[in-house]
Amino acid sequence: MEIDYSHIKVIGFDADDTLWVNETYFRDAELEFAKLLSAFETANKIDQELFKMEMKNLPVYGYGIKGFVLSMVEMAIELSNNTVSNKTISKILDIGKDMINKDVELLEGVEDVLQQLSKKYRLIVATKGDLLDQERKLEKSGLLDYFHHIEVLSDKKEANYSKLLNHLDIKPSEFLMIGNSLKSDILPLINIKAHAIHVPFHTTWLHEQVEVNHDKSKQYQTIKSLLELPKLLN
Ligand SMILES: [Mg+2]
């Protein structure tokens with residue numbers, strides 16, 4: 001596939017599941033949550049209902065662990081018909097705190113690749129989620145020095161990206177976004193005439209899953225690991 005990256009000046013990186021592991025912790029938390037409530041429902045049903053609850057609450061709480069915890073608490077109250085014990089609620093809060101306190105586990109080759117690319121490009125992070133949590137992870141990651149700018153967006157739609165590029169005075173044609181989510185990191189960029197490269201992570205949150213039509217799929221490349229990136233850009 002021929003995509004010309006010679007005009008790229010700025011590269012944006014998604015953070016969760018692009019620079020470091022994230023979704024895996026949510027999957028683990030969901031399993032733990034289902035175990036806690038196993039007296040009330042099957043694990044499968046709890047999983048489905050929790051997802052619905054998260055979607056209902058998304059406009060209120062936004063993305064991130066804190067909203068996820070509140071959705072688990074609400075779900076527990078609902079599933080138990082208001083009988084859930086304080087002890088169980090307290091265990092749910094612990095699930096959230098454990099998630100927040102996890103070490104940052106960088107994905108393969110991240111530091112190497114950032115080091116190489118930072119010599120030639122301006123690098124930025126464009127992530128969505130909870131501001132405090134994302135700042136904490138960036139701090140723990142040891143990667144802060146590679147980035148000229150960090151943007152925590154409330155959502156990653158076309159308008160959010162256009163506003164960001166405008167603000168940073170970057171032309172869409174000079175911008176390349178790298179990320180694991182087709183819905184959040186790739187398609188909006190293609191739609192505003194910027195570039196994007198998809199690096200899938202082994203698990204994707206249901207909310208981030210999309211079908212991509214053939215025309216669109218020809219407008220971006222997919223790589224297995226960030227390690228392939230420097231070669232692709234040269
Ligand atoms: Mg991501």
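Is Lys 137 buried or exposed? In this predicted model, Lys 137 has a relative accessible area of 13% and is therefore classed as buried, since the limit for that class is under 20%. The side chain of Lys 137 meets that of Asp 16 in a salt bridge, with a distance of 2.9 Å from N to O. The two partners come from distant parts of the chain: Lys 137 belongs to helix α6 (residues 131-141), whereas Asp 16 is found in the loop between β1 and α1, and their positions lie 121 residues apart in the numbering. Asp 16 is likewise counted as buried, at 15% relative accessibility.

Asp 16 also takes part in the metal site. The magnesium ion has as its protein donors Asp 14 (OD), Asp 16 (O) and Asn 180 (OD1), at 2.1 to 2.2 Å from the ion. Along the sequence, these donor residues follow the spacing D-x1-D-x163-N. Asp 14 has a relative accessible area of 5%, so this donor residue is buried.

The strands form an open sheet of six, arranged in the order β3-β2-β1-β4-β5-β6 with parallel pairing. At its edges are β3 (149-153) and β6 (221-222), each of which pairs on one side only. Within the sheet, strand β1 (residues 10-13) runs parallel to strand β2 (residues 122-128) and is joined to it by four bridges. Phe 13 has Val 125 in β2 as its bridge partner. In general, the strands of a sheet pair through backbone hydrogen bonds, in either a parallel or an antiparallel manner.

Helix α7 (residues 158-167) presents two contrasting sides. Tyr 161, Leu 164 and Leu 165 are buried in this helix. Because these residues cover an arc of only 95 degrees around the axis, they lie on the same side of α7. On the other side of α7, the exposed residues are Ala 159, Lys 163, Asn 166 and His 167.

Salt bridges were examined next. The whole structure contains 14 salt bridges. One of them is formed by Glu 23 and Arg 27, whose closest N and O atoms are 2.8 Å apart. Glu 23 and Arg 27 are four residues apart in helix α1, which means that about one helical turn separates them. The two partners differ in accessibility: Glu 23 counts as buried at 7%, while Arg 27 counts as partly exposed at 24%.

A further salt bridge brings together the side chains of Asp 130 and Lys 66, at 3.3 Å from N to O. Since Asp 130 lies in the loop between β2 and α6 and Lys 66 in helix α3 (residues 65-79), this pair ties together parts that are 64 residues apart in sequence. Asp 130 is counted as buried at 19% relative accessibility, whereas Lys 66 is partly exposed, with a relative accessible area of 41%. In addition, salt bridges with shared partners join Asp 16, Asp 133, Arg 136 and Lys 137 into one network.

On the surface, Val 60, Tyr 61 and Leu 70 make a nonpolar patch of about 290 Å². Tyr 61 is located in helix α2 (residues 43-61) and is partly exposed, with a relative accessible area of 37%. Glu 32, in helix α1 (residues 23-36), is also partly exposed, with a relative accessible area of 41%. The C-alpha atom of Glu 32 is separated by 25 Å from that of Leu 131, a residue 99 positions away along the chain.

Methods
Residues numbered from 1 in each chain as written. Predicted model: local features only at pLDDT ≥ 70, side-chain atom pairs only at ≥ 80, totals over all residues. Heavy atoms only, no water. Donors = N, O, S within 2.8 Å, 3.2 Å for Na, K, Ca; no water. Buried < 20%, exposed > 50% of the residue type's maximum accessible area, 1.4 Å probe, protein only. Pairing = 2+ DSSP bridges. Patch = residues over 30% accessible without salt bridge, like charges linked within 9 Å, V, L, I, M, F, W, Y side chains within 5 Å. Areas by Shrake-Rupley, 256 points an atom, 1.4 Å probe, with all protein chains shown as cover. Salt bridge = Lys/Arg side-chain N within 4 Å of Asp/Glu carboxyl O. Arc of directions from axis to C-beta.
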